[in-house]
Amino acid sequence: MARTEFGRTVRRWRDRVSPEAAGLPAGGHRRAAGLRREELAMLAGISVDYVTRLEQGRATNPSEQVIEALGRALRLSSPEREYLFHVAGLVPPGQGTVPAYITPSVHRMLDRLNGTPVAVSDASWTLLLANPLYTALMGERHGRERNGAWRAFLCPGGRVRHTSQSRLAMETAVVADLRAAASRYPEDRRLRHLIAELRANSERFADLWDSGAVGRHEASRKTVDHPQAGVVTLDCDVLSVAGSDLRIMIYTAEPGSRDAERLELLSVLGTQTLAG
């Protein structure tokens, strides 16, 4: 019964979220005003097949991570998020775990910045939400790739260029962030597992962690190698949300510059990709 209620709840709340409210183009004829399953899957970072099985009650035991992702994609209020956990047979994460709830005010801010690449991460640098332009700029990220610390130390490469100096500054700031998060959220098992994995598999991370490295994220300029738009250099600012421990990463270009033109091109490429 709980699994059936979970599926009915997801479907009911999916129907009430318009594409525009989720930052997506409406595009083409729609039988209903709400999100399509494909759109919910994309926003939540899970497969369409899994969304279908959840709604039909054929998928059992969704993880906390999946429920959090669905809650963000569906723009749930705090009480609705708690209800979704309960009908899945789970207890909502407590105060000792990294917060993953995105407030309506942050959602509204992202909606108004649809011409700017913006991403929201939690205190462990796990990507919670990215607007279409950020995804167009950086590419889609799934599974472990959604964690910035994991990418920094265990998945070298990516589209952002780094000098040895900029990479050291980024790595030091990430290690300092994880150390602070581990202190604030001692009950978070995923965070403990991430830190243990990084220490075991990255000598660089282990050295920085054991040395007590201290750093912070500064405003910077980042150069991105995009496969279609070419080289794009943008200002990058990292903002913190008081009370929720979220990190908002915003990329902007100087108005009228070549980089601004390429960012505009990316908005078109991204829209075409989503509509397809």
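Helix 4 passes helix 5 in a right-handed crossing, in what is a predicted model. Helix 5 covers residues 78-87, and the two helices pack at an angle of about 145° with their axes 10 Å apart. Who touches whom here? On the helix 4 side you'll find Glu64, Ile67, Glu68, Leu70 and Gly71, and they meet Arg81, Leu84 and Phe85 in helix 5. It's a mixed bunch: four of the residues in this contact are nonpolar, one is polar and three are charged.

Now follow Leu70 and Leu84 inwards. Both are in the largest nonpolar core, which has 27 residues, and along with Phe6, Leu40, Ile46 and Leu54 they touch the most other members. Helices 1, 2, 3, 4 and 5 each give two or more residues to this core, and helix 4 gives the most, with five. For a look at one member, pick Leu54: leaving aside residues up to four places away in sequence, it touches Phe6, Gly7, Ala59, Pro62, Val66 and Leu70. There's also a second, separate core of 20 residues, with Trp150, Val175, Leu208 and Trp209 among them. Nonpolar side chains tend to be buried together in soluble globular proteins.

Next stop, helix 6, which runs over residues 104-112 and has Val106, His107 and Leu110 buried. Why do these three end up on the same side of helix 6? Because they cover an arc of only 105° around the axis. The general idea is handy to remember: an α-helix has 3.6 residues a turn, so residues three or four places apart point the same way. As for what covers the buried residues of helix 6, the list includes helix 4 again, plus strands 1, 2, 4 and 5.

Key:
Residues numbered from 1 in each chain as written. Predicted model: local features only at pLDDT ≥ 70, side-chain atom pairs only at ≥ 80, totals over all residues. Heavy atoms only, no water. Buried < 20%, exposed > 50% of the residue type's maximum accessible area, 1.4 Å probe, protein only. Helix = DSSP H or I, 4+ residues; strand = E, 2+ residues; numbered from the N terminus. Arc of directions from axis to C-beta. Contact = heavy atoms within 4.5 Å. Axes fitted to C-alpha atoms, helices over the stretch in contact; angles between N-to-C directions. Left-handed = near helix turned anticlockwise from the far one by under 90°. Nonpolar A, V, L, I, M, F, W, Y, C, P; charged D, E, K, R; others polar. Core = buried A, V, L, I, M, F, W, Y, C linked by side-chain atoms within 4.5 Å.
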